[in-house]
Amino acid sequence: SGLVVPQKGWVRVVSPVAGRLLAVNVEEGQRVAQGATLFTLEVTSPQWAEATLLGLRQSYEARRRSLDEAGKQSQMLLLEQSKGLAQRLAAARREAAALATQSALQQQRLVLAERAVARLDALVAEQFVSAAQVQDKTGELLSSRAEGAAIARQREALDAEIAALEA
């Protein structure tokens, strides 16, 4: 150990390890910059006892095993999450296909309902059917349009979910 005299007060300099002093790189009273090498030491033997080294080695090995296990668990979790997302995506695609079929059928029903209302309008003019029958068919046509709109909204929501799952 040694003493360095700064501008104000004293500073005690102590080596962090035991060893042999090889060189003194400064002279008494010399100005030095922060971080400058003051002394050069030769460390001749390990500073830690055998038991300390063994304890450190065991601690290191236990930590390494723990980290390896945590890494494996993380990989398993990611794999499970990936499988879950793939299953959700497949189910969403199946549902989209079913909605597409349902939408096509609904479009056909809508065309048929529109034709039926048009025929009834012509028959009302010739007084073969009552206005109440036309009203009933018009109500069915409106219901069919509302159902088609609901299917379209479901399809849009499902398409957004599929896009999010694919991202």
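In this predicted model, helix α1 passes helix α2 in a left-handed crossing. Helix α1 covers residues 50–125 and helix α2 covers residues 131–166, and their axes come within 8 Å of each other. The crossing angle works out at roughly 160 degrees, so α1 runs roughly antiparallel to α2. As for what sits where α1 meets α2, the contact brings together 19 nonpolar residues, twelve charged ones and eight polar ones.

One residue of helix α2 to pick out here is Ser-144. With a relative accessible area of just 8%, Ser-144 counts as buried, because that value falls under the 20% cut-off. What does Ser-144 touch, once its neighbours within four places in sequence are set aside? The answer is Gln-106, Arg-109 and Leu-110. The stretch given for α1, residues 50–125, takes in these three positions.

Stepping back to the chain as a whole, the two helices are joined by four strands in the count of elements. Going along the sequence, the order is β-β-β-β-α-α, which puts the strands ahead of the helix pair described above.

Burial is a matter for 11% of the protein chain's 167 residues. The accessible surface adds up to about 13400 Å², and carbon and sulfur atoms account for 56% of that area. Finally, there are the contacts between residues with a separation of 6 or more: 48% of these link residues 24 or more positions apart.

Key: Residues are numbered from 1 along each chain as its sequence is written. This is a predicted model: local features need pLDDT of at least 70, side-chain atom pairs count only at pLDDT 80 or more; totals for chains, interfaces and linings use all residues. Side-chain values use heavy atoms; hydrogens and water are left out. Buried means under 20% relative accessible area, exposed over 50%, partly exposed in between (1.4 Å probe, protein chains only). Contact means heavy atoms within 4.5 Å. Accessible areas come from the Shrake-Rupley method with a 1.4 Å probe; for residues, only the protein chains shown count as cover. Axes are lines fitted to C-alpha atoms, for helices over the stretch in contact, and angles run from 0 to 180 degrees between N-to-C directions. Angles under 35 degrees count as roughly parallel, over 145 as roughly antiparallel, 65 to 115 as roughly perpendicular and the rest as oblique. A crossing is left-handed if the near helix is turned anticlockwise from the far one by less than a right angle, and right-handed if clockwise. Ala, Val, Leu, Ile, Met, Phe, Trp, Tyr, Cys and Pro count as nonpolar, Asp, Glu, Lys and Arg as charged, and the others, Gly among them, as polar.
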